[in-house]
Amino acid sequence: MQRIPEEKIDEIRSQVDIVDVVGNYVQLKKQGRNYTGLCPFHGEKTPSFSVSPEKQIFHCFGCGKGGNVFSFLMQIDGLSFVESVKKVADLAHIPLDVAISQGDSSPGNKPDSQESKMIEIHQLASKLYHYLLMETEEGQEALQYLLDRGMSEQELDHFEIGFAPAHASTVTTFLKKREVDLALAVESGLLTERDDGEVVDRFRNRIMFPIKNDRGQLVGFSGRLFNQEDGPKYLNSPETPIFNKRNILYHFSDARQEIRKKEEILLLEGYMDVISSVSATFSNGVASMGTSLTEEHVQMIRRVTNRAIICYDGDRAGIEASFKAGTMLAEQHRLEVFVLQLPNGKDPDDFIRSEGAEKFAEIYTHQRLTWTAFKLQFFKRNRNLQNETDKIAYLGEALAEIGKLDQAVERELYLKQLGSEFDLSMEALKQQLQQTVVVKTKPHDYGGPPPESYGEYPSYEGDGGPVYEQFSFVQPSGVPSAGLTSEKRLLKYMLEDRDAFIQIRNLLEEHQTDFYHDNYKALYTHLIGFYASGNDANPLALMDQLKDDMARNLVSELEMMTVNTDVSIEEYQDYVQSLTKSSIERDIKEKEQALLTATQQGDIPAALELARTITTMRATMKNTPN
């Protein structure tokens, strides 16, 4: 069995633009030479995540994560190095005409995980369920039920809808014949074990909806009753190592591209709603797994868009769920939110099947309510506006909401609507608004800790102004920023030019100095081995050989730095001398502390010797060029 040759890895890496790959997970916007967006690895409100198409790397200035296209997929999808190479190869339509063993020693590779085996088991079961629905007499009743509801066979094929028979061992027997580990199938939630130890099917006599995670992997099922009332209407897979309702949105992986195209996501309640919306050409529809919107769901949404259209059921529960979801999206996470309210309290599936796709499109496009307009309607519920007490209470709530709006034009619009509805003057409403609004100061949002808490400095002018760098190590007190700058710049030049590496290494040895920070020293050691193996300067290839995330993060951070490309050996020497001076300064501080201790303990000989040493060191530092 063979490893993936380095030249094949280089070919695959060169054929895919990292912006396209990252863009499947993060909403990116062009800013200068780079693309920026909200980091998918930590929560933030101000973008600190940057992707460089020129260098083919990513780096977050908030959490410090960085790397190339392979390491991005490894971190965000939890892939091994080989799995990430295979995924990028698929995107680039490059055949991997080599056999890859589980024991492959390529960087970061690991054997197939139990989770991947669980996913394979679900894929086998999904094919069986779909066959039973579409091709067998046993599935005929379920198939006819779906067709009567207006679903087409094309939709059934596209969404891989299936049928689980009433027998207790249909899937169990199927998996046994294929020598599948039944204990693993139980752990995956597909089968269940009775009290007597017998393993049986979990899903029986149900229409089966396959559930994929945000990577498009089949990780669970939802089974729907269709011809009986015994049991819950929907039965979902239990929580397993691959399935958790909190971080799964139905149809999200398939909808991602359309969400980016429309620049908005359509939030629905049920599987049938999603299927109907897709048939109505709204392929940006997703649904939560029978649960309220979670923080994990919101983070998934924020990776791809900043605008959400909520279209839940029109009944009381659906309206309240819309309010809850909109509050989380708009007020807690600052997304732009609109709400669709379908006539007669219908749910999207019923409405599209009965009224048609064109009518739904008209409401979607022209009758969506802004979040403020929806809230004003929501606050009217359960109030008798003919009653003066209820009317005054409602006006107070409405004015409080209007007062939150940033734009004067918006405030004016809603005030006029209130004035017209309740026959009130604009003067009275504005006066009341001034009494209602509480001005809140908003702390500056850096998408992480404020710069002053980093103990760092603005390292360079980015496309959007000074960029503050966050390091994964603690900067020792008293270390001059000049020394830190020198370390970063020297490593930057060594990363990008083999000749620069040789010149700088010779200068370091000549001055008998070294990098101070452990991370920088470790990267320098990696570079020595990388160039000793005959490699030319190639930061992307170096990242593939670094097994430590922290080291890859540091390479991406350095690659994002802007430095003078026309540099001389004299400039290298200045930086090396800066390292030497910083080293002497640290030694002096240590000796000064020792001198203080010796003096306090009355050790006069030691104190005198330390004082002489400090004097000599200060003279040496004074003679060291700045």
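Me: Which residue in β9 is the bridge partner of glycine 162?

Reply: This is a predicted model, in which local features need pLDDT of at least 70, side-chain atom pairs count only at pLDDT 80 or more, and totals for chains, interfaces and linings use all residues. Residues are numbered from 1 along each chain as its sequence is written, and side-chain values use heavy atoms, with hydrogens and water left out. β6 and β9 (residues 206-212) pair in the antiparallel sense over three bridges, pairing of two strands requiring at least two DSSP bridges between them. Within β9, the partner of glycine 162 is methionine 208.

Me: Which strands stand at the edges of the sheet?

Reply: Four strands form an open antiparallel sheet in the order β6-β9-β10-β11; strands (E, at least two residues) and helices (H or I, at least four) are DSSP runs, numbered from the N terminus. Two of the strands each have a single partner, so one side of each is left without a neighbour in the sheet. These edge strands are β6 (162-164) and β11 (234-236).

Me: What angle does the direction of α5 make with that of β10?

Reply: From one strand to the next, the twist averages 35°. Helix α5 packs on this sheet, touching β6, β9 and β10 (218-224), where contact means heavy atoms within 4.5 Å. Axes are lines fitted to C-alpha atoms, for helices over the stretch in contact, and angles run from 0 to 180 degrees between N-to-C directions. The angle between α5 and β10 is about 35°.

Me: Is glycine 223 buried or exposed?

Reply: Glycine 223 lies in strand β10. Beyond its neighbours within four places in sequence, glycine 223 is in contact with residues including Phe203, Ile207 and Tyr234. Buried means under 20% relative accessible area, exposed over 50% and partly exposed in between (1.4 Å probe, protein chains only). With a relative accessible area of 0%, glycine 223 is therefore buried.

Me: Which helix gives the largest share of the largest nonpolar core?

Reply: A nonpolar core is a set of buried Ala, Val, Leu, Ile, Met, Phe, Trp, Tyr and Cys residues joined through side-chain atoms within 4.5 Å. The largest one has 61 residues, and Tyr129 and Ile161 are among those that touch the most other members. The largest share, nine residues, comes from helix α5 (residues 114-135).

Me: How many residues apart are glutamate 160 and lysine 212?

Reply: The two form a salt bridge, with their closest N and O atoms 3.9 Å apart; the term requires a side-chain nitrogen of Lys or Arg within 4 Å of a carboxyl oxygen of Asp or Glu. Glutamate 160 is in the loop between α7 (153-158) and β6, and lysine 212 is in strand β9, a separation along the chain of 52 residues.
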